[in-house]
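Q: I'm new to this one, so could you take me in for a close look at a single part, the nonpolar core, and then show me what surrounds it?

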Amino acid sequence: MEENCMDTSGVNSKACEVAPVPEADIAAICARVGNDRHRMLDILREVQDRYRCIAPATMDMIATETGLTRIEVEGVASFYSFLSLSPKGRVTIRLCDDIVDRYAALEGVVSAFEEVLGISIGETSADGAFSLEYTPCIGMCDQAPAAMVNDVVLTKLTPESARSAAAALKAGTPPEQLVSERFAELTPHERAVHMVDNNIRHAGEVLLGPVPQDAGLDKAAMMTPAQIVTAIEDSGLRGCGGAGFTTGRKWRFAAGERAEKHFVICNADEGEPGTFKDRVLLTERPHLLIEGMTIAARAVGARDGILYLRGEYVYLRELLEEVLEDRRRRGLLGSDIHGVKGFDFDVRLQLGAGAYICGEEGALISSCEGLPGEPKTRPPFPVNRGYLGYPTVVNNVETFCHAARILDRGAKWFHAMGTEGSHGTKLFSICGDCLNPGIYELPYGHSVRDILDMVGGGDAAAVQVGGPSGTMIARDSFDRKLTFDDLATGGAIIVFNGSRNILEIVEYYMSFFVHESCGYCTPCRVGNVFLQKAIAKFRKGLANPEDIDYLKDLSGTIIETSRCGLGMTSPNPILSTLKNFPLVYSAVTKPNKDGIRDTFDIQSAIDGARKIAKRRSYIFDRDFTQ
């Protein structure tokens, strides 16, 4: 095949030759998943890994093998940021561009890589050896700056260590040997902890303290499905991803659906900037996670499960596959688990490919089905009709781990921890301007001030609770409680000291949402572009008081009319800072001299939104350009 590629100026001006992909290779890749169109993401990931891109001729072959059209294959291939229609380098370096990394001196790290490799961000070297690019949060905010080098993670980078790593790569050192010269001899768990520190600062009673293996499953095997659901309900366990829906009710709804099949899916796609708790559980408690999924399967009558692992956590793939195989070997997955006739359940690992939106359960299900990761219209809800149209339970890593411990120790034990309406413990991912970033397992009910005292964040001026889609609070709110009824959070807490620019943080978060929108609905696709441009106007000192009303009105429209949770929460960085940091906005606003308010160039914003979404919508054009 022949693909166009960029020259060093970024202009698409010359062709680079790539060896043709043999049809037999593509046929074999597709055959490994039974030519199943629902496994399209697996197929495309293997093609990308082996051939560095997904060329038009390759997409034609995949379409033939899976019975799809070329446009259906291309729709998936063009959706995910880790898949590319043009050649990437044999070594692709993705530098995390999260706001925490930026404040940890990312700029010097970037300069070091660019200098040694002789390419700039967004470019591929002329010899096809290296690609250098930015990527959003990779779940390493407690050890920033961080980067992915193919499937290897590098953390705590400095300009010096980045320069050394780049020189070694240029000299032909495999990425794995940047971690350890003995990399091939290490176990999967040893490889993971060599790359990434767990940073467990406080181990609580439920998840990170001593955990007997499969004690919950042992008890579940002797209970009826209804008894399991009742135990989870009585415990007060709520979903740990942020929304907080009662876990037992979700399981009961799914169990009550009459259907030929039921499914259990673990959402391990924690893409919210500042969140990294599931990374630690996947590393240190993988058996507990699969135990919890197996208990859920017993409760709802599922025979099949999917563990959806975000693409940024590819370094954990071998560890998780090893755990699954070990459990199959010991009769803890497969047929007649624990000798209980008919208790059949197994789990397959589904690797994502760089799409924040797949953290939304409908988009995650679409991705598992081999489709672009676009949210589904609700109702019906997944518990009614989810994966492949069957009742599906979707919970995150922490929730399943809690469920296993509840079956072991009992509902009353778990219910007694925390506060009314917020029971048990919570894993908090804490990073930013503090002395001790990392993971803290604490009962619900601690105040933000308590947390700051623990982590060494005494000079905090602002705290982002719940990641960008959560709430940013000021010092006068530090006594608020971390509970579902006050400050609800999936776990992310980012500390900012008084030297940080609030509007710079807000603008970054809005750029993140613009980049990560799936592009399906107009309010999210276009509205967030407008919000981002408006914040840029404030930062330049060009805003007037009327622009504050504009921000509020547009934010309200986006929240009310967006299709999924991304659009419904994307204005939160603006709304929470308008409420809690009003002086920041008033300090940079001024009345127009002639009383005429500046306006945005709508067509320019639309063109920008089209480019980001990589598509052109007829409805979108009709609504805004006629």
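A: Let's start with the whole chain: it has 26 helices and 19 strands, where helices (H or I, at least four residues) and strands (E, at least two) are DSSP runs numbered from the N terminus. This is a predicted model, in which local features need pLDDT of at least 70 and side-chain atom pairs count only at pLDDT 80 or more, while totals for chains, interfaces and linings use all residues. Residues are numbered from 1 along each chain as its sequence is written, and side-chain values use heavy atoms, with hydrogens and water left out.

Now for the inside. Buried residues make up 58% of the 626 residues in the chain; buried means under 20% relative accessible area, exposed over 50%, and partly exposed in between, using a 1.4 Å probe and protein chains only. In soluble globular proteins, nonpolar side chains tend to be buried together. A nonpolar core here is a set of buried Ala, Val, Leu, Ile, Met, Phe, Trp, Tyr and Cys residues joined through side-chain atoms within 4.5 Å. The largest such core has 178 residues, and Tyr80, Phe113, Trp251, Leu289 and Tyr585 touch the most other members.

Zoom in on Tyr80. Leaving aside residues up to four places away in sequence, tyrosine 80 touches Leu41, Tyr308, Ala353, Gly354, Ala355, Cys358, Ser367, Leu371, Pro372 and Gly373; contact means heavy atoms within 4.5 Å. Apart from the largest core lies another one, of 18 residues, including Ile430, Ile473, Phe478 and Ile493.

Contacts across the sequence show up in the whole chain too: among contacts with a separation of 6 or more, 71% are between residues 24 or more positions apart.

Next, some backbone details. Most residues other than glycine have a negative phi, and most peptide bonds are trans. Yet a cis peptide bond joins arginine 378 and proline 379, with omega about -5°, and proline 379 lies in the loop between α15 (361-368) and β12 (392-396). Another cis peptide bond joins alanine 144 and proline 145, again with omega about -5°; proline 145 sits in the loop between β5 (130-135) and β6 (147-149).

The loop between β6 and β7 (152-154) holds asparagine 150, which has a positive phi of about 55° although it is not a glycine. Asparagine 150 counts as partly exposed because its relative accessibility is 26%. Aspartate 336, also not a glycine, has a positive phi of about 50° and is found in the loop between α14 (317-329) and β11 (346-351). With a relative accessible area of 35%, aspartate 336 is partly exposed.
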